[in-house]
Amino acid sequence: MRHFTSVNDVKDLDGFVQKALALKKSPFAHKHLGENRTLGLLFFNSSLRTRMSTQKAAANLGMNTMVMNVTQDSWQIEIEDGVVMDGGKAEHIREAAAVLGQYCDILGVRSFPALRDRKTDYGEKIIKAFIQHSGVPIISLESATLHPLQSFADLVTISEFKKSPKPKVVLSWAPHINALPQAVSNSFSQWMTHADVDFSIVQPKGFELSDQFTKGAKIYYDQEEAFEGADFVYVKNWSSYKNYGEVGNYPKWMIDQSKLANTNQARVMHCLPVRRNVVIADEVLDSKSAIVIHQAANRVFSAQAVLKEMLENL
Amino acid sequence: MRHFTSVNDVKDLDGFVQKALALKKSPFAHKHLGENRTLGLLFFNSSLRTRMSTQKAAANLGMNTMVMNVTQDSWQIEIEDGVVMDGGKAEHIREAAAVLGQYCDILGVRSFPALRDRKTDYGEKIIKAFIQHSGVPIISLESATLHPLQSFADLVTISEFKKSPKPKVVLSWAPHINALPQAVSNSFSQWMTHADVDFSIVQPKGFELSDQFTKGAKIYYDQEEAFEGADFVYVKNWSSYKNYGEVGNYPKWMIDQSKLANTNQARVMHCLPVRRNVVIADEVLDSKSAIVIHQAANRVFSAQAVLKEMLENL
Amino acid sequence: MRHFTSVNDVKDLDGFVQKALALKKSPFAHKHLGENRTLGLLFFNSSLRTRMSTQKAAANLGMNTMVMNVTQDSWQIEIEDGVVMDGGKAEHIREAAAVLGQYCDILGVRSFPALRDRKTDYGEKIIKAFIQHSGVPIISLESATLHPLQSFADLVTISEFKKSPKPKVVLSWAPHINALPQAVSNSFSQWMTHADVDFSIVQPKGFELSDQFTKGAKIYYDQEEAFEGADFVYVKNWSSYKNYGEVGNYPKWMIDQSKLANTNQARVMHCLPVRRNVVIADEVLDSKSAIVIHQAANRVFSAQAVLKEMLENL
């Protein structure tokens, strides 16, 4: 693995899950690997879980971590090539990436989409520029369209909680008050369609995800029908891909206990942060069905598996 | 000690002071204790001394520290239970605390009061929620009503500078332009009334602290009378507890050299930051009477004593 | 070296360059030196390179680093002595510096000029207050008037790329849309006039730097004339020293390939961040003439040489 920006960077998905689980058992067994190695974490956007779990993963491997909040600590960064930089942006991504590549052995980058222009967001200019100009391995800490560290942790969690070899997993759209990226949902779909699970997606009409990520999934428009017999219900809001960035006004899609009645005692998943009683009801989050904290805990070991493989290849 | 949120978490106050002083002599003697242990520091508010002294204490013990500025780095956090989270707050404290507890072995939390509603502030919801939901030991880095790391460092400083076994200590209200929390003053009162000192408090009428923290202290309303023979004068502004959050307009309560004339060559203390020539005059802060920098220095060892005891019990 | 705030703190300039180059070859050879030592980095202003390169340098030496962003993480700091602090600033630099000196073995401070009053800026009150009140060695991370870590890295870079024993180095003013400090240019001039190079400065009339830093440099007002036979062209904007803070409107001073025609295949330098197609054209930055990334890389080793010498003297 040179970079880690999607499931396509993983050769043996099941083997990779096993590696993460082995690290969960012995998190400090490879502490020599990161000696004299520096991880740079670059945030164009807020982060709690990703920031702290990746720092923890690096520490477990003996790495030094440097965190940079682009908009607070540093200069605004120009992404476009060929422009006359006479506006608010003081540094070009070509220099920023190349310089960070001089200071860090591995770079993690978080950069959300603006949700204004689909082609721009799906072009993934920022993460691509870091790959092109930094000269070091790049880890996506959530890009405009994908969040592979989250999806990897989700798959690890499913493998821990599954009661059958090929569990039924359903990704369900849920309500939200803001326009959210499709990244977590795209990414989860991409990982599930590569994993050994029975995968479906359910959403209101007009909220279908890009089929470049959902190919192979069963598509539903009715939660009750989709949830029948489900082992895992992954709940997540996303704004429309079709009417790009549109927020859906479907409050009845919130997940409460009654929605889970016909599942196979489904475990409920969410990447967090979750707005209680908007996306998922208190009664579900405070029940044993919810495994959202386990997902968050596994973020450490998914990040650690990625870092370990990169360190071994440096 | 499971958590550290008030003097009540300390069993043997004098023994604990001795432990801090021993750490001051040999700060690196227990560097193995923190190996592979992570301290999370969560700031809902600004911090200089607490942030840096606690990081330093953790480093002295060989711990890894992760710092999170809630309002800058992460999402706004909902504190109330049962609410429909359709406003500005994206994450509930139940998830935030539980997740941080997965990433950190010990958590420090700073959260100031809003000073709008006394019952809300004195309910200490945030620190209690972290105790309830994180699953790990919690250290108060100053809560709505108490600042025990500061008071512990203050007691350590008094034990270093005292000239008699039971020194006379006076806490004096002082002027300020803003409405400040009562936390430092409540906490100092609580620690002093548990320590082997002769303790008084002096403030203008209407600025009495809550008697849950001052029980056992002598109460004065006249600085001259209160300061007579004092070995230590602890200067601090606080807004009114009675007329909750009211700022007192008593500029004459500022501490200058003339105020110290009838003391027993009193040492002058303050938790910092201090507004010069509003709270304390330059002539006092720049004299040998002031031991404010010693107090700040001792913050490292009070934090280190707390962390050490927690690490030994993990 | 007690402090590092200008070239005057370096006794043997060539020897110091050799030390930095030795550290570049073996960055981890002195990792024991920083054991149990803490570097504090205090930023009154934004930083990317300085922040990360200095952290990296400290890590290479085994030091613990604590970073503090003054305006975000902490309180606003009063610089003036004798004032009544009843405004927006909650802490005086006397206390802030003294406290930080208790927590850190070495302190780095970044503080830009306000560019409103020349006498104030050139008085360098902040860096001087830290030297006076902190009690520990101070490193300038760019002060109001100088940026010695940058200039030292620049000199190291020149020594790596020079093709003759005494290369011709030209500092050229370049356009910008904002009023920028003179610090990088003052500092580069100061280091070059102390180094074994043939040094000139070229700028529009009215943009001459203070001669306290440029003494010994040849002064030009015509880029073509100045660049003739140059081995290195150091490009940088600065606002006027004479009409203090004035932005020059001379877009034709931008550096493109045609400007370099009569140089001795000059290497083009800049401290970064650089506004492309305003200060330097894409065609130059994307060519092999540009060595700006090498300069940035050498920031680690210039900082490391400074820290190493300070650690050896603690």
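**Reading a binding-site residue and a chain-to-chain relation**

Analyst: Not counting residues up to four places away in sequence, A:Arg275 touches A:His176, A:Ile177, A:Asn178, A:Ile280, B:Met85, B:Asp86, B:Gly87, B:Gly88, B:Lys89 and B:Ala90, where contact means heavy atoms within 4.5 Å. This is a predicted model, in which local features need pLDDT of at least 70 and side-chain atom pairs count only at pLDDT 80 or more, while totals for chains, interfaces and linings use all residues. Residues are numbered from 1 along each chain as its sequence is written, chains are lettered from A and ligands numbered from 1 in the order in which they are written, and side-chain values use heavy atoms, with hydrogens and water left out.

User: Is A:Arg275 buried or exposed?

Analyst: Buried means under 20% relative accessible area, exposed over 50%, and partly exposed in between, with a 1.4 Å probe and protein chains only. A:Arg275 has a relative accessible area of 5%, so it is buried.

User: Which side chain does A:Arg275 join by a polar contact?

Analyst: A polar contact is a pair of N or O atoms within 3.5 Å; within protein, one must be able to donate a hydrogen and the other to accept it, and residues adjacent in sequence count only if both atoms are side-chain atoms. Here the side chains of A:Arg275 and A:His176 are joined by one of 3.4 Å.

User: How is chain B laid on chain A?

Analyst: Two copies of a chain are related by a rotation about an axis and a shift along it. Superposed by least squares on the C-alpha atoms of residues with pLDDT of at least 70 in both, chain B fits chain A with an RMSD of 0.0 Å after a turn of 120 degrees and a shift of 0.0 Å along the axis. That is the relation of a three-fold axis, and the C-alpha of chain B nearest the axis is that of B:Gln72, 4.8 Å from it.
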